[in-house]
Amino acid sequence: MKKKILATLLCVAMSATMLTGCGGGNNSGGDANSDANQNADEGNNAGTDETDPAPAEGETDTPSEEEGGEEGGTAEGGTAEGGNSLTVWCWDPAFNMYAMEEAAKVYQADHPDFNIDVVETPWDDIQTKLTTAATSNNYDTLPDIFLMQDNAFQKNVISYPDAFMDLTDSGIDFSQFAEAKTAYSVIDGKNYGVPFDNGAVVAAYRTDVLKEAGFTIDDFTDITWDEYIEKGKVVLEKTGKPLLSCQAGESDVIMMMMQSCGASLFNDEGKPAMVDNAELKKVMETYKALVDAGVLIEVNDWDQYVATLTNETVAGTINGCWIMASIQTAEDQSGKWGITNMPSLAGIDNATNYSNNGGSSWCITSNCKNPDLAKDFLASTFAGSVPFYETILPSSAAIATYLPAGDSDVYNEPAEFYGGDAVFAKIVEFAGKTPSNNTGVFYYEARNYIATAMQNVIGGGSIEDEIKAAQEQVEFTMQE
């Protein structure tokens, strides 16, 4: 089975490389930072003519992978001689990269000789490089630290155990993180990741656009998707703006809908459970209705998706709370956004207005030349500094899963960008109401097949037939 997983990941990585070669680009999430895909996320998608947003306040431009970075680091691998430098791979300048740069500043207060080289690396590229290193049994190309989407942690550590450092006895107190978050990076009772961001889903709306259509944010709170579509038609008619945008061929919205009612593409034994899955059928029907009504528009890639938010193409978005960092790059829109919960699926047992998308954790690679430095750096910042989390929260909306930070007064302060609402406390509340679901080792393969099935349904295919085909593809992939 391990060989089968490795071979599958290599195929996925090669496909991602070819897609990137056709366009290039980033994804924060997913999963989408998506998982998404990130693929998300959680971060992974094809290119565009749009330019990247300017760095957030307090953030510095980061050298490209080709240019390398600060002295002591290399773009293609870990630090050359250990010393006081670390090389880090992650994606999203306004969120993950910004947080890592701020963490470095915190650490430098007590370690002035410390240097960090943060190399912007889309999640798909990280997965490709990791898979390539593992299949060649040469981990020298890996950095000291990289960010991994939570939904990919189990599969990668199981498939490539030699690539990761066991952090169980690193001195990091993992009990200080939310238990469900930590569980993503625990394999066979050992800790391999330092939890970072919260992926609780928010529904963000342009309140000025809603007002033009005769609505307020309260009209979109605790509603169903059926109500969302009907109100979305009114917004579209009166303002010309759809309520929602997403990437064509991605499954972030589908998976958010699924988790909102605790549903999964797999059963408790990890076997595919898509056929006769009432929640999945309802989700796909709802997604098609959104597209047919014009309430949801699909774009080609991640940059275009972010641009629909910042250039006022759409009136809102539904995504992991990390999307707020991208929204906030449009500084001229401050005070015009509001945050509430997502719609629920009508007629589905256990349906809620809460879900999760993306979220990621830091891991130290076996190629790290100074593991003690890397462990101490993470323990002193992401796993040990409330002031650090207080610093990054306002500008990046990086909601902590580090429990002591959640008690900070900063979380209850009004956010000017979101109309003075205490949105960070609201998101913590959303996270506490989010149902858990079963992802499974073949989570990404399954969601990719469902994404393809959804596009076929939009093109006129039968939902039942497409779900059956998707399950057969997953079952084939899982064969030993």
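# Strands, helices and their contacts

Reader: Let's start small: how many bridges join strand β2 to strand β4?

Author: Strand β2 covers residues 85-90 and β4 covers residues 145-149. (Strands here are DSSP runs of E with at least two residues, helices are runs of H or I with at least four, and both are numbered from the N terminus.) β2 and β4 run parallel, and the number of bridges joining them is two.

Reader: And what kind of model is this?

Author: Residues are numbered from 1 along each chain as its sequence is written, and side-chain values use heavy atoms, with hydrogens and water left out. Local features need pLDDT of at least 70, side-chain atom pairs count only at pLDDT 80 or more, and totals for chains, interfaces and linings use all residues; what you have is a predicted model.

Reader: Back to β2, then: which residue in β4 is the bridge partner of valine 88?

Author: β2 and β4 are joined by bridges, and two strands pair if DSSP finds at least two bridges between them. Look in β4 for the partner of valine 88, and you'll land on isoleucine 145.

Reader: Which strands are at the edges of the five-strand sheet?

Author: Read across the open sheet and you get the order β3-β2-β4-β13-β7, with mixed pairing. An edge strand here pairs on one side only, and that holds for β3 (115-120) and β7 (194-195).

Reader: Which helix lies across β2 and β4?

Author: The helix we're after spans residues 123-135 and runs at about 110 degrees to β4. (Axes are lines fitted to C-alpha atoms, for helices over the stretch in contact, and angles run from 0 to 180 degrees between N-to-C directions.) That helix is α3.

Reader: Which elements do the buried residues of α12 pack against?

Author: Helix α12 runs from 371 to 380, and Leu373, Ala374, Lys375, Phe377, Leu378 and Ala379 in that helix are buried. (Buried means under 20% relative accessible area, exposed over 50%, partly exposed in between, with a 1.4 Å probe and protein chains only.) These buried residues pack against β2, α2, β3, β4, β7 and β13.

Reader: Why are α9 and α16 called oblique?

Author: The axes of α9 (residues 278-293) and α16 (residues 443-458) come within 10 Å and cross at roughly 50 degrees. Angles under 35 degrees count as roughly parallel, over 145 as roughly antiparallel, 65 to 115 as roughly perpendicular and the rest as oblique. So α9 and α16 are, relative to each other, oblique.

Reader: How many nonpolar residues does the contact of α9 with α16 have?

Author: From α9 come Leu280, Met284, Tyr287, Lys288 and Val291, and α16 brings Ile450, Ala453, Met454, Val457 and Ile458 (contact means heavy atoms within 4.5 Å). Ala, Val, Leu, Ile, Met, Phe, Trp, Tyr, Cys and Pro count as nonpolar, Asp, Glu, Lys and Arg as charged, and the others, Gly among them, as polar. By class, this contact of α9 with α16 has one charged residue, no polar ones, and a nonpolar count of nine.

Reader: Is threonine 286 in α9 buried or exposed?

Author: Threonine 286 lies in helix α9. It touches Trp225, Ile229, Met257 and Leu345, leaving aside residues up to four places away in sequence. Because its relative accessible area is 5%, threonine 286 is buried.

Reader: What does alanine 351 count as?

Author: Alanine 351 sits in the loop between β12 and β13. Not counting residues up to four places away in sequence, its contacts are Ser260, Cys261, Ser344 and Leu345. Its relative accessibility is 29%, so alanine 351 counts as partly exposed.

Reader: How many Å apart in space are alanine 351 and threonine 224?

Author: Along the sequence, alanine 351 and threonine 224 are 127 residues apart. In space, C-alpha to C-alpha, the separation is 9.4 Å.

Reader: Which residue in β11 is the bridge partner of tyrosine 205?

Author: Strand β8 (residues 201-206) pairs with β11 in the antiparallel sense, over five bridges. In β11, tyrosine 205 has as its bridge partner glycine 316.
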